[in-house]
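Open the structure in your viewer and keep the selection panel at hand. We will move from one stop to the next, and at each one I will say what to select and what is there.

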Amino acid sequence: MVDTPRETWITGVGIVSSLGEGPDAHWQALEAGKVHIETTAHAPYIVHPLAPTNFDLQIPKKGDQRQMEPWQRIGTYAAGLALDGAGAKGNAELLGRMDMIVAAGGGERDLAADSAILTGLRKVAAQEPFLNERLMNDLRPTLFLAQLSNLLAGNISIVHGVTGSSRTFMGEEGAGVDAVRIGFARIQSGQSEIALVGGAQNSERKEMLLLYEFARHNLTGEFRSVWGRGEHPGFALGSMGAFLVLESSDHARARGAKPLAKLAAVANARSNRKPGEVTATLGALWDKIAPTGAGAIISGATGVEPATAEERAFLASHPELAVRATGTHIGHGVEPQFAMNVALAAIAVQHGRLFATHDATGFEHAAEGALTKAVVTGVGHWRGEGLALVEKID
Amino acid sequence: MSAMRDKAGRPVVVITGSGLVTSLGAGKTDNWRRLTAGESGIHAITRFATEGLKTRIAGTVDFVTDEPVSAPKMAESLAEIAIEEAIAQARIGSRGRFPGPLFLAVAPNEIEWLQREELARASGANEGISYDDLLRAAASGRFRPYHERFAFGSVGEALAVTFGTEGSPISLSTACASGASAIQLGLEAIRRGETDAALCVATDGSINAESLVRFSLLSALSTQNDPPEGAAKPFSKNRDGFVMAEGAGAMVLESYEAATARGAKILGVVAGCGELADSFHRTRSSPDGKPIIGCLRNAIADAGLTADDIDYINAHGTGTPENDKMECLAVSAVLGERAKDVPISSNKSMVGHTLSAAGAVEAVVTLMTLEHQRIPPTINYNVPDPTIVLDVVPNTARDARMRYAISNSFGFGGQNVSLVLAREPA
């Protein structure tokens with residue numbers, strides 16, 4: 001154990017979304033204000049579909065790909081990109097002691113099988129025996145493994161060889177913040193030297209839209225930036241995978257790894273979401289991460305109300321900082337959103353400046369001067385509030 | 001006075017409260033009496049019709065009835081029973097205010113057939129019912145509570161509110177190792193000095209037709225339906241799979257220093273934890289057993305012990321041909337010549353495989369095993385497997401002198417976690 005927290009670097013990022021893959025593609029697309037949405041396949045709901053991706057590049061065995069549903073393929077692919085970026089790919093000794101925390105949903109279903117069963121159930125008297133028979137005949141054994149939340153981590157172990165530890169957190173946006181926070185805390189405290197943290201989501205799934213449609217969270221109608229949804233709140237789910245390689249600075253130096261940025265702080269909390277609690281909680285977390293000298297805020301605002309308005313009220317108390325809500329461009333990834341935004345913050349401080357804004361509401365203003373520190377927000381659509389501080393390494 | 005810090009300079013982490021619910025009953029007293037009597041909680045399923053299913057038995061907890069039943073509601077109810085017992089024993093915090101974070105092992109959450117059918121009916125569609133129909137029904141806003149109920153964070157959020165835990169509740173899944181991972185996360189948080197106390201809980205109430213069919217299709221379940229109590233046969237030659245079960249286990253962990261300062265009774269020590277993932281296959285262990293062997297060795301080393309210090313092993317012992325073979329191989333490699341002499345028993349022979357809850361359920365039983373200096377047996381051990389040369393404590397409980405015990409948990413996805421529990425601080 002160590003008495004003073006150890007410095008933690010981000011030495012690899014693996015990101016893939018509707019904007020493409022990798023730091024450069026995301027930087028250019030965000031600078032250009034690109035938005036890639038799909039409005040017909042899941043109408044009336046708007047989603048941000050994954051950009052065309054050649055999964056063979058990170059998951060070479062077709063047999064492995066067949067064992068996965070899309071969310072696992074996206075995550076395993078992004079994890080591979082992060083390991084490549086960190087110079088860790090194929091280094092069995094390093095991967096064998098690398099820790100892993102994945103934030104995951106899961107439960108990808110066979111919609112055709114479900115639909116057939118539901119239709120059949122309306123026509124039989126003995127419903128339970130019918131359901132048993134159909135499930136025994138219609139469920140694919142491999143689908144179960146593709147549904148299990150911890151099998152994204154399992155696939156990363158199998159495909160990339162990360163085996164030091166394997167933990168999967170569940171619980172929407174909060175799980176994504178906790179994955180980064182626990183990975184970071186273990187390195188800071190000397191419990192770990194290097195960790196792969198992140199998650200993945202496939203947004204092009206009607207069963208996932210269904211979970212959110214119970215609360216009418218899915219965005220419909222005209223597409224607007226997350227700050228401009230006012231009377232028509234909601235999120236447009238975004239397919240994405242985002243992984244970070246976090247590493248103690250000593251460990252990174254010793255193996256000659258080049259950092260993108262320093263992860264200086266991560267803090268989160270839960271509130272009961274009474275009016276004003278999100279704003280107050282963010283204020284308390286802000287004091288905890290002490291972002292003196294920060295020049296920008298990469299916001300994970302979802303577009304769901306009242307969380308978005310409360311976050312906006314908090315951000316408005318720091319008018320000197322330029323805000324960028326990435327959800328406008330990549331959609332809402334739920335579990336991987338926080339890791340994605342930490343990655344985008346790292347890329348921005350590495351560039352030494354913030355990407356342009358294309359927000360028609362005017363809430364996001366132009367950034368001035370060099371960027372050395374950026375705050376990342378992660379306010380869950382229902383629960384969980386988190387912040388991180390990312391800094392440039394001199 | 002024992003040292004407040006371990007050999008590595010980390011805070012010693014003790015257990016000051018524990019709680020348990022299984023198909024054998026609610027609470028540690030009933031469970032311990034029945035476990036040491038070699039009783040089984042496995043029975044024919046009555047919760048739903050089992051016509052057409054190959055496996056028609058399970059360790060459902062039928063004395064908890066939540067209507068309409070859903071896996072997250074059941075998981076929440078079971079966890080509440082275990083947590084209340086653990087907190088009452090620890091006498092920590094105040095009603096609705098636990099002074100530390102929650103680490104919860106829970107099954108992945110999902111909308112179930114009951115809700116799908118409800119939506120299908122509400123949609124008015126009769127032919128070719130599709131997810132578009134279900135979405136249209138959901139958009140009516142009439143089913144709003146299902147959003148919170150079937151969110152992945154649902155059970156953790158509910159428990160965080162009920163028991164007033166601090167900070168972000170962590171819900172986790174490492175498949176059948178989940179319960180051990182919850183204890184591991186609490187142990188690590190206290191060692192980091194982030195908190196003086198942690199509430200580590202694991203719960204599973206997910207026995208329904210679909211979850212049973214899923215495991216059945218992987219040929220993981222025993223199909224010996226008659227008699228139900230004889231189906232779970234860990235380490236036996238005629239073992240033919242595990243038996244699904246429900247339950248919950250909870251532990252209050254504290255730094256030894258904080259527990260001592262408030263005068264709490266020390267029930268035991270979480271001396272160490274080891275982990276090592278397997279990259280061989282999604283459901284099978286690496287044939288050389290290296291990941292499990294490494295996991296056990298990591299746990300023993302983390303506790304600052306050697307293999308010679310281990311007096312008892314609470315096995316993962318599912319009763320599948322594969323698990324028991326690999327666990328035997330790993331234990332034999334780690335304990336060497338002592339392997340045949342160190343007792344190892346499987347609680348799953350009696351309570352079945354409580355899945356996400358198993359790691360914590362069995363850690364609580366391991367703690368009681370140390371406390372009572374008595375080992376619950378592996379029941380249904382009638383046909384020895386000549387390739388498994390271990391002392392599996394066959395059929396009858398036994399007294400033993402034990403200072404250190406290991407609780408093993410292994411799961412799909414290459415998840416391996418071993419805990420080392422000690423009777424008292426070194």
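Start by selecting Arg186(A) and Glu188(B): their side chains meet in a salt bridge, 3.2 Å from N to O. This is a predicted model, so please read every distance on this tour as computed from it. Arg186(A) sits in helix α9 of chain A and Glu188(B) in helix α7 (residues 178-191) of chain B, so this pair joins two chains. Are the two partners buried or exposed? Both Arg186(A) and Glu188(B) are buried.

**Across the two chains**

Now colour chain A and chain B separately and show the residues in contact. On one side you should find 76 residues of chain A, and on the other 81 residues of chain B. Together the chains bury about 7100 Å², with 63% of that on carbon and sulfur atoms. Select Met136(A), Met170(A) and Phe214(A) next: these supply 12% of the area that chain A buries against chain B, more than any other three residues.

How many salt bridges are there between chain A and chain B? The count is eleven. For one with Lys123(A), select that residue with Glu127(B); their closest N and O atoms are 3.0 Å apart. Between the two chains there are also 36 residue pairs in polar contact, counting those with both residues at pLDDT 80 or more.

To see which parts of chain A touch chain B, highlight the elements that each give two or more residues: α5 (111-121), α6 (127-138), α7 (141-147), α8 (151-160), β4 (167-170), α9 (172-188), α10 (206-213) and β7 (261-269) of chain A. Zoom in on α10(A), which gives the largest share of that side, eight residues. Colour this side of chain A by residue type and you will find 31 nonpolar, 27 polar and 18 charged residues.

One more selection takes in both chains: Arg109(A), Asp114(A), Glu110(B), Arg116(B), Glu210(B) and Arg214(B). These residues are linked in a network of salt bridges. Side chains of opposite charge can pair when their charged atoms come close. Over all chains, the structure holds 51 salt bridges.

**Inside chain B**

Hide chain A and select Arg10(B) with Asp302(B), whose side chains meet in a salt bridge of 2.8 Å, N to O. Arg10(B) lies in the segment before β1 (13-22) of chain B, while Asp302(B) lies in helix α10 of chain B, so the pair ties together parts that are 292 residues apart in sequence. Arg10(B) and Asp302(B) are each buried.

Next, pick Arg149(B) and Glu76(B), a salt bridge with its closest N and O atoms 2.9 Å apart. Here helix α5 (residues 145-150) of chain B holds Arg149(B) and helix α2 (residues 71-90) of chain B holds Glu76(B), so parts 73 residues apart in sequence are tied together. Both Arg149(B) and Glu76(B) are buried.

**Last stop: helix α11 of chain B**

Select residues 321-335 of chain B. At 1.5 Å a residue, the 15 residues of this helix should span 21 Å, and the end C-alpha atoms are 21 Å apart, which agrees. Show the side chains of its buried residues, among them Met326(B), Cys328(B), Val331(B) and Leu335(B). What covers the buried residues of α11(B)? The cover includes α10 (290-302), β10 (312-314), β11 (344-345) and β14 (404-411) of chain B. Finish at Gly336(B), which follows α11(B) and has a positive phi, near 65°.

Definitions and conventions: Residues numbered from 1 in each chain as written. Chains lettered and ligands numbered in written order. Predicted model: local features only at pLDDT ≥ 70, side-chain atom pairs only at ≥ 80, totals over all residues. Heavy atoms only, no water. Helix = DSSP H or I, 4+ residues; strand = E, 2+ residues; numbered from the N terminus. Expected span 1.5 Å × (residues − 1). Buried < 20%, exposed > 50% of the residue type's maximum accessible area, 1.4 Å probe, protein only. Contact = heavy atoms within 4.5 Å. Buried area = accessible area lost by both parts, 1.4 Å probe. Salt bridge = Lys/Arg side-chain N within 4 Å of Asp/Glu carboxyl O. Polar contact = N/O pair within 3.5 Å; in protein donor to acceptor, adjacent residues only side chain to side chain. Nonpolar A, V, L, I, M, F, W, Y, C, P; charged D, E, K, R; others polar.
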